[in-house]
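Here's a walk through the empty spaces, ring contacts and odd backbone spots of one model. Have the structure open as you read.

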Amino acid sequence: MNQFKFEGKLKMTFLVMMLIGVVSLAITFIGDDAVHSRFWSNILHNSVFFTGIAMLALFMLCAKITAFSGWHTVFKRVWESYSLFLVVGLVLMLIVAVGLWGHWHHLYHWNDAEAVANDPILQGKSGFLNKGWYTFGTIAIMGVWILIAGRIRSLSKQEDQSGDSSFSYHRKMRIWAAAGLPILGFTSAAMIWQWVMSVDAHWYSTLFAWYNAASMMVAMVALTIICLIYLKSKGYLTQLNQEHLHDLGKYMFAFSIFWTYLWFSQYMLIWYGNIGEETIYFKERLDNYRFLFFLNLGINFFLPFFVLMRNDTKRKYGTLIFTSIFLILGHWLDFFLMLKPGILHTTQEALAHSGAVEHAGHAFTAGFSLPGFLEFGTMIGFLGLFLYAFFFNLSRANLVPTRDPYLMESVHHHV
Amino acid sequence: MGYRNKKIVYGLYDDEEILMDAVRQANRSEMSILDVFSPFPVHGIDDLLDLSESRLHIGGFIYGMIGTLTAVLGMSWIHAMDWPNIFGGKPYWAIASFIPITFELTVLFAAIGMTVTFYIINGQGPGIKNPIVHPRISDDKFCIAFDADEASEEEISKYRSFFDQTGASFIETKKL
């Protein structure tokens, strides 16, 4: 069974998931405030999260090809299919970008002309934080990502048809991958600044982009583990075994610790520096989001650290799936915490400014103070979309690349 | 594992594939192998020799925990109780600033503890001389050794014929 068949029940499941997402978004839209901030922030949150997963899959693929790595070859079609989600991600991010031009949402403080006019800090940043750059960056940079993902994918598919011992396709792939590494590394930082960091338009942190990338990386590996175990349970990927999952488990463990390292570094430097314009980020989260703030650390550090520390927990399906599910939710929550407080602040200012309502201050706000059913519903919808695109792309090529020069190394992988 | 004053019969093989086949052959004919020496880790040989998983990492965890406690309790006592000082306007017990040092000491204790444990278990260390089976087992030869301390002449010749059959390039009986 070297051809994945995407049909019937599975397709239906993802369509139902997407329907749940659409219904959640519709309910959010109807019951929302005047500027629909909950609706838009949920779209931004999930778009960035799943686009990030696709981007990190492409980055891992580039790193593996450049490093002459072979162990992942047996399931490399999974990462190729993940990376093709970038096309959908571009559409999703463009919806947010178009919203900037039409002033449909108040996600970004810097897009409010009146606020910028009275604010020297925002004026100073307006060369980068403006809707022109936002749109251009999203289209141009994601366009390059899609180009790299598409080339690697098509070379990989051509290799299946006519690869021979000259490895010409693999050589070409290596050029694209080597170019892709620095491009993805630098440009993803720029996109994360615009998409995520600029919701707190006054605030900045120099290691924010790595911190985000680490978060996406853990979520990506966790989702990969779940999908691989699913495919295996359906009788596909018979050559995939505990050894490959063990290595993926190590990635999940190591990058969870890397994430914690960056999370703590960011916190400690700001705490120690004690500069008001920087500490406001953590003051806001510690005062008004205290439970989520520490829950984030608990799920994303203590849980994988103590569960995955032992050798055999990285080799058993049960513990791997358990940790993976929690880590995907945990890093989704991490992005929730990065985005929502800043957006809530911008929204409240916008609402107070237009005279619609009093400045709500720090009262409990549904969908912002805690993720509610509608947030999880939206997440399920986006997850359905991601998985639909993933399984669709997976079914359009051989499940195992039959003529990849590293296939045998991968099949005989032994940790 | 120091084999001092032990009589062994050993054979050298040129390739790890031949070695693996020989180990399989020995398992089939129920000969108990004393040890296998190789210049690099051979994949899959642990399972063939039925070696149990190393418990060194459990020691590592315990040493690491000792390091964590030493750092946290030490700094807490120094900075909050014994000699309280204000640094940068922070509280005496500024736990966030303790974490980097806690991390360092955890790694240091785990690393040193595991190294020392490893050396003690293996009977190695500075000034201790261990007998070497053959100089080339750290270069390009793979070795299987049988215990010949209480072996009769008959058994020793059985071991030698085993090496002959499985393609050993060099066979010797030796007292370490």
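The second largest pocket has a lining of 34 nonpolar, nine polar and three charged residues. For these classes, Ala, Val, Leu, Ile, Met, Phe, Trp, Tyr, Cys and Pro count as nonpolar, Asp, Glu, Lys and Arg as charged, and the others, Gly among them, as polar. Before going further: this is a predicted model, where local features need pLDDT of at least 70 and side-chain atom pairs count only at pLDDT 80 or more, while totals for chains, interfaces and linings use all residues. Residues are numbered from 1 along each chain as its sequence is written, chains are lettered from A and ligands numbered from 1 in the order in which they are written, and side-chain values use heavy atoms, with hydrogens and water left out.

**Pocket and cavities**

Rolling a probe the size of a water molecule over the atoms shows where empty space is left. On a 1 Å grid over the protein atoms alone, a cavity is a set of points where a 1.4 Å probe fits but cannot get out, and a pocket is an open set with protein on both sides within 12 Å along at least five of seven lines; lining residues have an atom within 4 Å of a point. Grid points are joined across faces, edges and corners, and a volume is the space filled by probe spheres set on the points.

That second largest pocket has a volume of about 1800 Å³. Of its 46 lining residues, F301(A), F305(A), I99(B), F103(B) and T106(B) are the closest to the centre. Both chains take part: α10 (242-273) and α12 (290-307) of chain A, plus α3 (56-82) and α4 (95-121) of chain B, each supply at least two lining residues. The largest share, 12 residues, comes from α4(B). Helices here (H or I, at least four residues) and strands (E, at least two) are DSSP runs, numbered from the N terminus.

As for enclosed space, the whole structure has four cavities of 30 Å³ or more. Here are two of them:

| Cavity | Volume | Lining by class |
|---|---|---|
| Largest | about 70 Å³ | seven nonpolar, two polar, two charged |
| Second largest | about 50 Å³ | two nonpolar, four polar, three charged |

The largest cavity has Y211(A), W263(A), Q266(A), Y281(A), F282(A), R285(A), F293(A), N296(A), D334(A), L337(A) and M338(A) around it. Two or more of its lining residues come from each of α10, α11 (276-288), α12 and α13 (317-353) of chain A. Around the second largest cavity you'll find K64(A), I65(A), S69(A), H72(A), T73(A), K76(A), H170(A), D404(A) and Y406(A).

**Rings and charges**

How many aromatic pairs does a search of the whole structure find? There are 57 over all chains, with rings of Phe, Tyr and Trp (its six-membered ring) pairing if their centres lie within 6.5 Å; planes under 30 degrees apart count as stacked, over 60 as edge-to-face and the rest as tilted. Take F6(A) and Y388(A): their ring centres are 5.1 Å apart and their planes at 70°, so this pair is edge-to-face. F6(A) sits in the segment before α1 (8-30) of chain A and Y388(A) in helix α14 (residues 373-394) of chain A, so the pair ties together parts that are 382 residues apart in sequence. F6(A) is buried at 9% relative accessible area, whereas Y388(A) is partly exposed at 23% (buried means under 20%, exposed over 50%, partly exposed in between, with a 1.4 Å probe and protein chains only).

Two charges also sit over rings, meaning NZ of Lys or CZ of Arg is within 6 Å of the ring centre and within 35 degrees of the ring normal. R285(A) lies over the face of Y281(A), 3.6 Å from the ring centre. K90(B) does this across chains, over the face of W271(A) at 4.8 Å from the ring centre.**Backbone and long-range contacts**

Most residues other than glycine have a negative phi, and most peptide bonds are trans. F68(A), in the loop between α2 (37-66) and α3 (76-83) of chain A, has a positive phi near 55°. F167(A), in the loop between α7 (131-162) and α8 (168-195) of chain A, also has a positive phi near 55°.

In helix α14 of chain A, L374(A) is buried at 18% relative accessible area. L374(A) touches S24(A), I27(A), T28(A) and R38(A), leaving out residues up to four places away in sequence; contact means heavy atoms within 4.5 Å. L374(A) and R38(A) are 336 residues apart in sequence, yet 9.6 Å apart in space, C-alpha to C-alpha.
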